[in-house]
Amino acid sequence: MKEIGHWINGKHVSGTSGRFADVFNPAIGEVQARVALASKAELDAATADAARAQVKWGATNPQRRARVIMKFVDLLNRDMDKLAEALSSEHGKTIPDAKGDIQRGLEVMEFCIGAPHLLKGEFTDSAGPGIDMYSMRQPIGVAAGITPFNFPAMIPMWKMGPAIACGNAFVLKPSERAPTVPLMLAELMQEAGLPDGVLQVVNGDKEAVDAILDNPEIAGVGFVGSTPIAEYIYGRGCSNGKRVQCFGGAKNHMIIMPDADLDQAADALIGAGYGAAGERCMAISVAVPVGEETADRLIEKLVPRIEKLKVGPYTAGNDVDYGPVVTAAAKANILKLVESGVAQGAKLVVDGRDFKLQGYENGFFVGPHLFDHVTTDMDIYRKEIFGPVLSTVRAKSYEEALGYAMDHEYGNGIAIFTRDGDTARDFAARINVGMIGINVPIPVPLAYHTFGGWKKSSFGDLNQHGPDAFRFYTRTKTITARWPSGIKEGASLNFKQMD
Ligand code: NAD
């Protein structure tokens with residue numbers, strides 16, 4: 001059985017805790033490797049080495065640091081096929097989707113090449129007589145990232161890129177369900193010239209996470225995953241005096257106005273609802289057509305499109321629209337929620353419960369589902385399903401549709417499909433959600449903007465990537481300096497004012 005360890009001080013090392021987790025190939029439902037789960041002692045030792053490596057890295061000029069990242073981007077492009085294959089075999093997503101995962105991480109790394117510019121401080125000449133005032137951005141020291149299974153390349157890069165470009169050392173604790181690609185990224189960072197110890201990849205579960213949260217040498221923690229864990233990490237990390245940002249779950253709505261191009265809206269719902277088997281935090285899981293006629297026409301357009309979806313293993317190539325979900329437990333949870341929808345009175349218009357794929361009977365495949373007449377008290381509406389299940393909640397008016405999304409506890413992403421500029425503008429201004437699409441179904445901001453939800457989808461003040469990431473991974477210091485020192489003012493006990 002293949003054994004996956006850690007990446008410490010520039011080398012693959014085996015775990016010493018004696019604890020392991022199974023890593024599956026979800027398409028065939030078989031264990032393909034086991035991954036070591038680090039103990040607190042292993043995590044603490046890796047962090048101590050990272051802290052030592054950070055001293056020199058933090059003092060390396062930003063242009064040199066940026067060159068390492070520039071080289072890394074080249075290497076990512078070189079190894080794109082290899083990385084995508086490894087990613088799909090553990091996650092299950094199709095190869096084009098895996099390449100999208102890598103590409104969206106790569107774009108953040110490209111943004112980080114701008115570190116010398118992004119890290120420039122501010123300067124005020126002659127703030128007072130002979131006095132200059134300036135600020136500088138300094139690395140926070142050692143930062144840690146705890147990442148989810150669903151973007152095994154993109155999210156580790158969203159965290160490690162800015163952290164390392166800012167001069168920090170970085171301890172990455174990837175998802176134990178998809179650990180291979182983060183280790184491959186670490187190898188490429190070394191090949192690009194990153195000094196050993198600046199990036200440590202420590203695999204593990206709750207024990208490693210708790211060790212991160214309690215380790216006094218770790219100054220900042222970035223988390224992405226489900227909301228209950230995000231809340232836990234935010235609370236424990238903050239109470240230990242760390243800078244923490246946590247991004248949680250989602251229930252993204254799409255409002256379809258009566259004037260929308262319904263073919264465009266239906267196509268968008270297919271991609272955003274069923275792509276990656278619905279395992280995206282920016283997936284659309286709730287369609288809210290406004291008006292009975294819009295709803296009837298939308299359902300009519302969705303059904304044949306859903307029935308045409310091809311579900312299969314990534315090895316089947318471009319013929320497959322989406323692959324299996326990540327584990328048997330994830331599949332069981334999705335099907336349980338589907339049953340609850342039926343029991344609570346929603347109409348299951350497309351029923352994927354009996355889906356079977358010949359030759360892959362043990363794979364974690366879930367057929368596509370479409371619910372109509374979902375109400376806001378149902379579990380399928382309230383909970384994140386994270387599977388290929390789209391719920392339709394019919395609204396009588398725009399205000400009612402807006403109200404549903406406003407009242408939902410999650411606020412990651414949302415979309416509106418309309419041809420009316422006034423409605424779109426009003427929607428963008430009033431909605432309490434972090435990322436908004438206007439006739440765009442998955443409004444994931446590009447690398448030079450920032451990514452983050454509102455409400456229970458995000459904990460902390462700053463977003464991921466873009467300029468916010470450079471704020472999160474640095475501390476500002478402001479210096480007031482007086483030259484020449486010959487200016488004599490005499491002693492004063494008054495609070496100083498610059499004149
Ligand atoms: P998860 O919360 O199960 O795991 C995320 C990380 O937390 C993993 O590294 C895992 O090892 C660790 N973890 C799990 N249980 C823990 C515990 N009890 N104590 C400490 N650490 C623990 O999430 P997942 O299933 O890997 O990912 C899917 C979730 O992530 C979904 O809810 C999805 O919406 C969310 N997500 C959010 C965003 C975003 O930016 N908002 C992006 C991607 C995914």
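**Around the ligand**

Let's start right at the ligand: one of its oxygen atoms lies 2.8 Å from a backbone N or O atom of Thr147. Keep in mind as you look around that this is a predicted model. On the nitrogen side, a ligand nitrogen is 2.8 Å from a polar backbone atom of Gly248. Gln464 joins in through its side chain, where an N or O atom is 3.4 Å from a ligand oxygen. Taken on its own, the ligand has 850 Å² of accessible area, and the protein covers 89% of that.

Now zoom out a little to see who else is there. The ligand has 28 residues around it. Thr147, which you've already met, is among the closest, along with Lys173, Glu176, Ser226 and Glu384. Sorted by class, this shell is made up of 14 nonpolar residues, nine polar ones and five charged ones. If you'd rather think in secondary structure, helix α8 (206-214) supplies at least two of the shell residues, and so does strand β11 (218-224).

Where does all this sit in the protein? The ligand is in the largest pocket. Domain 1 is made of two stretches, 2-248 + 457-479, while domain 2 spans 252-438. Both domains give residues to the shell, so the ligand lies between them.

Before you leave the model, have a look at the backbone too. Most residues other than glycine have a negative phi. Which way does Ser126 go, positive or negative? Its phi is positive, at about 55 degrees, even though Ser126 isn't a glycine. You'll find Ser126 in strand β6, which covers residues 123-128.

Phe386 is another one to click on: here too phi is positive, at about 55 degrees, and Phe386 is not a glycine either. As for its setting, Phe386 is in a loop, the one between α13 (379-382) and β17 (389-392).

Technical notes. Residues numbered from 1 in each chain as written. Predicted model: local features only at pLDDT ≥ 70, side-chain atom pairs only at ≥ 80, totals over all residues. Heavy atoms only, no water. Near = heavy atom within 4 Å. Polar contact = N/O pair within 3.5 Å; in protein donor to acceptor, adjacent residues only side chain to side chain. Areas by Shrake-Rupley, 256 points an atom, 1.4 Å probe, with all protein chains shown as cover. 1 Å grid on protein atoms, 1.4 Å probe; cavity = no way out; pocket = protein on both sides within 12 Å on 5 of 7 lines; lining within 4 Å. Sits in = over half its atoms within 2 Å of the grid points. Helix = DSSP H or I, 4+ residues; strand = E, 2+ residues; numbered from the N terminus. Nonpolar A, V, L, I, M, F, W, Y, C, P; charged D, E, K, R; others polar. Domains from an automatic or database assignment.
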